[in-house]
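Let's work through a few short exercises together. Have a go at each task before you read its solution.

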Amino acid sequence: MISIAENIAQIRKRIEIAAEKTGRNSSSVKLVAVSKTKSAAHIREAYEAGQRAFGENYAQELKEKSQELADLDIEWHFIGHLQKNKAKLVAPVAACVETIDSIELAEMLNRRAARRISCLIEVNTGGESAKSGIAPAEIFGLARKVLALPNLNLCGIMTIPPYDPDPEKSRPYFKQLKIILDSLNADLPIENPLRELSMGMSHDFETAIEEGATIVRVGTAIFGERI
Ligand SMILES: *Cc1c(COP(=O)(O)O)cnc(C)c1O
């Protein structure tokens, strides 16, 4: 038997330890509970344990769950690959879309937004052809265009490194994402620097926090294995 509440408490403790290790405050790290394929009842259980931010990967699933859980004050993050024609399902619900990878998608979300949507550009740090996200060199151009869209609030960048069970293998990609964020902030005509670095999952979130993650996306370690 897994207890979602206990898992969340443990993850929060581990976030605290990882943050302290590098002199950071754990309040600078947001935990997004990744609830894809898990039921609304599971989400409710996590919510009752104090969890507020949830991550979903599929547009239709997000729409259905958000309707089922409309009585809760959930901060929905969309973290899957988003097709332009599905933007209309996501825009009315998502507080944050973490996977902006084209100006066409950003424009579609901008057009459909009910209120201002936070967003992150997804960077393909591993250069894997099967992964979504844009190449590091293309971020600068895309960021400038996204900044011009009134209903989107560009907050930072996210990445999913090539999977390896050893978290040390993810570290170079996390370092790279931080360097990209710093150079974006040096390059962009903005008053307030972009702050968010969304990186780290169940098996490597502590390493990500050591490298500066402000958002970690944790599914399995909270809800158990997905079938
Ligand atoms: C599924 C998923 C996660 C969570 O992965 P776990 O290994 O279950 O923690 C995080 N980020 C993205 C983009 C995902 O698709």
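**Exercise 1. Sort the shell around the ligand by class.**

Solution. The shell has five nonpolar, four polar and three charged residues. Here Ala, Val, Leu, Ile, Met, Phe, Trp, Tyr, Cys and Pro count as nonpolar, Asp, Glu, Lys and Arg as charged, and the others, Gly among them, as polar. Now put names to it: the residues surrounding the ligand include Val 34, Lys 36, Asn 57 and Thr 220 (a heavy atom within 4 Å of the ligand counts as near).

A word on the model: it's predicted, so local features need pLDDT of at least 70 and side-chain atom pairs pLDDT 80 or more, while totals for chains, interfaces and linings use all residues. Residues are numbered from 1 along each chain as its sequence is written, and side-chain values use heavy atoms, with hydrogens and water left out.

**Exercise 2. Find polar atoms of Arg 217, Gly 219 and Arg 226 that lie close to the ligand.**

Solution. Start with Arg 217: a polar side-chain atom is 2.9 Å from a ligand nitrogen. Next, a polar backbone atom of Gly 219 lies 2.8 Å from a ligand oxygen. Finally, a side-chain N or O atom of Arg 226 is 2.8 Å from an oxygen of the ligand.

**Exercise 3. How many disulfides are there?**

Solution. Look for cysteine sulfur pairs within 2.5 Å; the count is zero. Take Cys 96: its nearest cysteine sulfur, in Cys 155, is 6.0 Å away. For Cys 119, the nearest is also that of Cys 155, at 6.6 Å.

Notes. A polar contact is a pair of N or O atoms within 3.5 Å; within protein, one must be able to donate a hydrogen and the other to accept it, and residues adjacent in sequence count only if both atoms are side-chain atoms.
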